[in-house]
Amino acid sequence: MTTSAQRRAALAALVEGEGVTRVTPPLLLPAGPYFDLAGEEFGRRLLLTSGGDGTEFCLRPDFTLPIVADYLKSPRAGQPAAFGYLGPIFRQRRSGVIEVDQAGLELMAQPNADLALDRVFGFARRTLEIFNARNAVVRLGGVGLFEALLAGLDMPDVWRPRIRNRFGHAEALARLLDRLATQGNGKAETPDRATLVEQVTEQMVAAGLSLTDGRGPEEIADRYLEQQALDAALVPAGTLALLRDYLAIAGEADEALDQVEALAEGARVDLSAPLRTLRRHLTAFGPAAPVTFDAAFSPRLDYYTGVVFEMTGQGGHVLASGGQYDRLLERLGATARIAAAGCAVWVDRLEKEALA
């Protein structure tokens, strides 16, 4: 039976493993990138303050974003690197402000993305062992798998990014699919842009509205035309049914992936490459925890790619989460694709598992 101090020391040693640079980003960080990348939902959980020049800052809500940003600014950008961390993060909760410890591993530009992901899985598995988390369950998701499915389905191209952007947001995606199932036939006539801008201008002037404050006639017209184009782009009923069937697949990993494969074969969509990748990683957690696959699962951040995962403990609390997130580096200014994978573990929750 280990003590809390011994577990903490073992976790620190894991964070400072061979070839890993331990880093500690500042406690006070610019808030703008979090709003830009994580959206308003995450933004509401930030602890904000303003600088003398009006710049918004936040207490560190995570480690990944500042680690990636610093890596891209360094001379090592684009070269293989591994970073570990252990320290407090700060977020707002309904019950008030919390300060909790997180630990994690971030791998950049590794020569083999699959081996890098296995290393991340190994880090997560080792944390389970350190804290003796016997009741943990691993849930895998396939962002790349879903994107490959979307690319192969029969639908207007205009809808693919909109469906992708809602992946991982179950309620939002369900509402969109419901809307696509009931939208009109797209036969309504739409005036050309010049005529529409003129009509909007006349209506705004007649109503006494400013043409320069807020949205102007051109922006209003363009938004209307975009919406009309969407309404006219019909998604076949069979495609919508297949998407719903896919998103409903969840269960023991091998069986769930077999269901995905059968569904794809029936739709004549080639998912062999992302399915092989997922199956290759099924044994990464070994006997430490059972592995499930949930076709609808993805972190609610659109920069994740490839394989994603989360580990949950007693009561369904998330103990760790992460995966591949190549797009984050592009969103932060990388001019070429840089493979990235990592995970964060919630130390306080793992400690409760150890004491259970």
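A residue counts as buried when its relative accessible area is under 20%, and as exposed when that area is over 50%. The model used here is predicted.

**Exercise 1. Covered strands**

Task: Find how many residues of strand β11 are buried, then describe how β11 pairs with β10 and β12.

Solution:
- Step 1. Locate β11 at residues 318–324. Of its 7 residues, 5 are buried, so the under-20% cut-off makes this strand mostly covered.
- Step 2. Look at strand β10, residues 305–312. It joins β11 through 6 bridges, and the two run antiparallel. One pair to find is Thr-312 with its bridge partner Val-318.
- Step 3. Follow the chain from β10 to β11. The two strands form a hairpin with 5 residues between them. In the turn, Gly-315 has a positive phi of about 80°.
- Step 4. Turn to strand β12, residues 340–346. β11 and β12 pair over 5 bridges, again in the antiparallel sense. Here Gly-323 stands opposite Gly-342.

**Exercise 2. A buried glutamine**

Task: Decide whether Gln-102 is buried or exposed, and list what it touches.

Solution:
- Step 1. Place the residue. Gln-102 lies in strand β6, residues 96–108.
- Step 2. Apply the cut-off. The relative accessibility of Gln-102 is 4%, so it counts as buried.
- Step 3. Leave aside neighbours within four places in sequence. The contacts of Gln-102 then include Phe-63, Tyr-85, Leu-86, Gly-87, Ile-89 and Arg-91. Ala-344, Val-345, Trp-346 and Val-347 are also in contact with Gln-102.
- Step 4. Compare with strand β5, residues 81–93. In β5, 10 of the 13 residues are buried. Strand β1 (residues 21–22) joins β5 by 2 bridges and runs parallel to it. Thr-21 stands opposite Phe-83 there.

**Exercise 3. A small sheet and its helix**

Task: Give the strand order of the open sheet with 3 strands, and name the helix that packs on it.

Solution:
- Step 1. Read the order: β2-β4-β3, with antiparallel pairing.
- Step 2. Find the edges. They are β2 (28–30) and β3 (48–50), each pairing on one side only.
- Step 3. Check the twist. Neighbouring strands are turned by 40° against each other on average, direction ignored.
- Step 4. Add the helix. α2, residues 32–43, packs on the sheet and touches β2, β3 and β4. Its direction makes about 65° with that of β2.
- Step 5. Inspect one pairing. β3 and β4 (residues 56–59) are joined by 3 bridges. Thr-49 stands opposite Phe-57.

**Exercise 4. Two sides of a helix**

Task: Explain why the buried residues of α14 lie on the same side.

Solution:
- Step 1. List the buried residues of α14 (residues 347–355): Val-347, Leu-350, Glu-351, Glu-353 and Ala-354.
- Step 2. Use the arc. These residues cover only 155° around the axis, so they sit on the same side of α14.
- Step 3. Look at the other side. Lys-352 and Leu-355 are exposed there.

**Exercise 5. The core**

Task: Describe the largest nonpolar core and the contacts of Leu-329.

Solution:
- Step 1. Count the members: this core has 103 residues.
- Step 2. Pick out those with the most contacts inside the core: Ile-163, Phe-293 and Leu-329.
- Step 3. Find the main contributor. Helix α4 (residues 113–130) gives the largest share, 8 residues.
- Step 4. Trace Leu-329. Neighbours within four places aside, its contacts include Val-68, Tyr-71, Leu-72 and Met-108. Ala-334, Ile-338 and Ala-340 are among them too.
- Step 5. Step back. In the whole protein, 44% of the 356 residues are buried.

Note on methods:
Residues are numbered from 1 along each chain as its sequence is written. This is a predicted model: local features need pLDDT of at least 70, side-chain atom pairs count only at pLDDT 80 or more; totals for chains, interfaces and linings use all residues. Side-chain values use heavy atoms; hydrogens and water are left out. A nonpolar core is a set of buried Ala, Val, Leu, Ile, Met, Phe, Trp, Tyr and Cys residues joined through side-chain atoms within 4.5 Å. Buried means under 20% relative accessible area, exposed over 50%, partly exposed in between (1.4 Å probe, protein chains only). Helices (H or I, at least four residues) and strands (E, at least two) are DSSP runs, numbered from the N terminus. Contact means heavy atoms within 4.5 Å. Two strands pair if DSSP finds at least two bridges between them. Axes are lines fitted to C-alpha atoms, for helices over the stretch in contact, and angles run from 0 to 180 degrees between N-to-C directions. The arc is that of the directions from the helix axis to the C-beta atoms.
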